[in-house]
Amino acid sequence: MNEVLELRGKRFINASKNVQGGGAAINSRSVVTSVNLQRLISKLQQIKDFWQKEKKLFDGILISVHYNKIVAKSNRISGIFKGDQSNSAIVGAKFDEKKTKHIITYFLSIDDLDYTEHLLSCADAIVRVDFGGEVTKEKFIDSSLFNHIIQGVHGISKSLFQQIIADISYIEDFEIEKAPIILDECIITLYDTKTDTRKLLEKIGINVISSRILNNHTVYLDKNQAQILFEKAPYLVSMATENLLDLSPDTFGESYRKNIYTIPEPTIEPTIGVIDTLFDTRVYFGKWVEYHDMLDDSIPKTTNDYIHGTCVSSLIVDGPSLNPELDDGCGRFKVRHFGVATESKFSSFSIIRLIKKIIAENQDIKVWNLSLGSPKEINDNFISAEAAILDQIQYENDVIFVIAGTNKTSESVVKIGSPADSINSIVVNAVTSKGLSPQYARKGLALSFYAKPDISYFGGSQDKYIVACGPLGGFNVAGTSYAAPLIARKLSYLIDILGLNREIAKAMLIDSARSWNVAPTPEEVAIYGHGTVPIKIDDIIKSKDDEIRFLVSDVSDKWNTYCYDFPVPLQNNSYPYVVRATMCYFPECNRSQGVDYTNTELNLHFGRIKDDGKLNEINGDKQNSELSTDGEKSFILEGDARSKFRKWDNVKYISESIAGKKKPKKAYEKNKNWGMEIKTNNRLSSQDGRGLRFGVVVTLKEINGVNRIDDFIRNCHLNGWLVNKIDVEHRVDIHSKINEEFELF
């Protein structure tokens, strides 16, 4: 097998976008009529009347725009409301029931609403008098029809009129959204109305203590408080999660075994963090676990409270000894275990606060295992509060969570539960020993789009259980709770022993699960994620003799982050390879943006460099072309970009098909190297994507079975790259020397 190569020594170049948008673009499938404009004006008047009659709790109004499609950022409102600053007024986003249209909520002033009504009235007059009562796409692109529009005469300028018509062509209706009523203990997220949350709730008659406020807009309310809120101001509720107390561990198929295990003393092994139920320090591997009981002493504890957490930590410490058929070659790991819950129901709100504290006080740990999950299903329109906190932690800290994909609690529960909707985490679903989905496994996706779970691994089932160690000895167990820690081991090996960054480590796990398999269907992704990770770590960190696999990592600072110096070996002036690449990054996320959750999109382009200097992408992706703008003028529409190219997903996998007879790719005349471009787009602030690290795994498979890795290494040195082989023995030796303890006399 070939060693994986790490390319260093050359930096990617960052460049700003060269071209600007081409101006207002009408929805080609819409006709803007005077009748439609007058209907929307009437709707604005009704909404204004509502807010004028409503008891004022804050300065401003909330209004939701029902778009007629899934809209790109450039197709959102930029003429009415706050003009080109309207995007900054967005406080929520969701899809309609069919998930084919955006519903976006804005926070505006009453003056903004008056101004919008004025603009629509002016536009309506022009449409009726000068456009025969309607504006079609054909009329819109005929510039001669707009030349007579003079601001002093018509009330608005030509360019503003065009932008208003473009805005309206994407708008179906205006409404005031009201969240579904929940009359139980719940986590409530309020729309951002620029008002202190505690003061806002006090005006309604709800008094909350500071410990129940998670952040500026998210608060934990009891049953009576929730009832008051939904009765008096349901329009304030952006998101609500019911049954707070149902976040609970999952355990299936338990039975006792009386095997006696032994283990040597721990030395310099890496430490993985575990946040779970309690841990029994009397087990045979007790010295390998640093235990912290985070529960109040007044909470009663039983033997059952120690089973789940102890079993999870046993798999991290000594999983291969307990399950020889799952020996991954990673050795043993130490654990720092934080007991945050009992087996019975507990408050996820309290756990969220504890997790933030735990991570802040244990910065030396990079990999964290969380095998707790809600029996309730996630919501299609917003990320759970628990997952959002984990995503924020991972954006702000150099850590990564491995999260269990949650188990079914009944046949009516199908979708994954919180916090398995965490976008930045690695979410692990379970498979049986035969690689099939077990009966207890649940399905993604998150927000109807993000590929959650990320990957699958062996979690046990009735045909073959996972063996773990609990307080009373060996247990036969099954569940996603026990697949996750086995993945945490591999991730820690990649990061803590081999020294890879978390972006590369995550990409390598996902890449190993996808391999050269046929692209999974959406249904398969919902069950297995990108696929099942191999058991042996060698199958992740090494490639076959006919493959060249290399790793690159850098930071995105501008719109285009590129490198055109990948010297892929030639044969007879052609490239005899099929190619795939996997990229991961950890973006900042904004829960208040609903379905538009991730702030930054990094799009991966890789391929030969054509004679005109542009890339011939291996997957034919025409997004981010400098010859086009986003939206209707693009080669691809927003909905298609999300479904075909995973736009806004923080995991990108691009690949050529390995099926059928393959022909070598002809080299272009002017440049024999290959290039990689990372194109950056931000939803909210242009600063969101600055300094965002990405990691890419590229695999070249020689179609004739020839091993060309030595040619590639030589070419890389000639092109100025430093090539580091992922030599396991060498890196393990380095890890040992770095962590070696010396006695000073």
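In the predicted model, Phe 81 is buried, with a relative accessible area of 1%. Phe 81 is located in the loop between strand 5 and strand 6 (90-95). The backbone at this position has a phi near 60°, a positive value in a residue other than glycine. A positive phi is likewise found at Thr 406, which is not a glycine either; the value there is about 70°. Thr 406 belongs to the loop between strand 20 and strand 21 and, at 2% relative accessibility, counts as buried because the limit for that class is under 20%.

Phe 81 is also one of the residues in contact with Phe 174. Leaving aside neighbours within four places in sequence, the contacts of Phe 174 further include Leu 40, Lys 43, Leu 44 and Ile 47, together with Ile 63, Ser 64, Val 65, Ile 80 and Leu 120. Phe 174 and Tyr 106 are the residues with the most contacts inside the largest nonpolar core, which has 73 residues. Helix 2 gives the most to this core, with seven residues. Apart from it lies another core, of 71 residues, among them Phe 285, Val 431, Leu 498 and Ile 540.

Helix 1 comprises 20 residues (residues 34-53). At 1.5 Å a residue, this helix should span 28 Å, and the distance of 29 Å between its end C-alpha atoms agrees with that expectation. The buried residues of helix 1 are Ser 34, Asn 36, Leu 37, Leu 40, Ile 41, Lys 43, Leu 44, Ile 47, Lys 48 and Trp 51. These buried residues pack against two helices, helix 2 (110-130) and helix 5 (158-169), and against strand 4 (32-33), strand 5 (61-67) and strand 9 (171-175).

Across the whole structure, 27 aromatic pairs are found. The rings of Phe 12 and Phe 694 have centres 5.5 Å apart and planes at 80°; the angle is over 60 degrees, so the pair is edge-to-face. This pair links distant parts of the chain, 682 residues apart: Phe 12 lies in the loop between strand 2 (5-8) and strand 3 (13-15), whereas Phe 694 lies in strand 35 (residues 692-702). Phe 12 counts as buried at 6% relative accessibility, and Phe 694 counts as buried at 0%. A second edge-to-face pair is formed by Trp 51 and Tyr 235, with ring centres 5.0 Å apart and planes at 75°. The two members of this pair are 184 residues apart, with Trp 51 in helix 1 and Tyr 235 in the loop between helix 7 (223-232) and strand 12 (237-242). Both Trp 51 and Tyr 235 are buried.

Phe 12 and Phe 694 also belong to one aromatic cluster, whose other members are Phe 550, Phe 566, Tyr 575, Phe 606, Trp 674, Phe 712 and Trp 721. Aromatic rings are further involved in arrangements with arginine side chains. The charged end of Arg 502 sits over the ring of Phe 586, 3.9 Å from its centre. Arg 683 lies over the face of Trp 648, where the distance to the ring centre is 3.6 Å.

The structure holds zero disulfides. Cys 563 is in no disulfide, and the nearest cysteine sulfur, that of Cys 716, is 9.9 Å away, so the separation does not meet the 2.5 Å limit for such a bond. Cys 563 counts as buried at 4% relative accessibility. Cys 122 is also buried, with a relative accessible area of 12%.

Two cis peptide bonds preceding proline are noted. One runs from Ser 418 to Pro 419, with omega near 0°, and Pro 419 is placed in the loop between strand 20 (400-404) and strand 21 (426-431). Another joins Lys 452 and Pro 453, with omega about 5°; Pro 453 is found in the loop between strand 21 and strand 22 (455-458).

Ile 181, in the loop between strand 9 and strand 10 (186-190), is exposed, with a relative accessible area of 59%. The C-alpha atoms of Ile 181 and Ala 240 are separated by 8.6 Å, although the two residues are 59 residues apart along the chain.

Terms used: Residues are numbered from 1 along each chain as its sequence is written. Side-chain values use heavy atoms; hydrogens and water are left out. Helices (H or I, at least four residues) and strands (E, at least two) are DSSP runs, numbered from the N terminus. The expected span of a helix is 1.5 Å times one less than its number of residues. Buried means under 20% relative accessible area, exposed over 50%, partly exposed in between (1.4 Å probe, protein chains only). Contact means heavy atoms within 4.5 Å. Rings of Phe, Tyr and Trp (its six-membered ring) pair if their centres lie within 6.5 Å; planes under 30 degrees apart count as stacked, over 60 as edge-to-face and the rest as tilted. A charge sits over a ring if NZ of Lys or CZ of Arg is within 6 Å of the ring centre and within 35 degrees of the ring normal. A nonpolar core is a set of buried Ala, Val, Leu, Ile, Met, Phe, Trp, Tyr and Cys residues joined through side-chain atoms within 4.5 Å.
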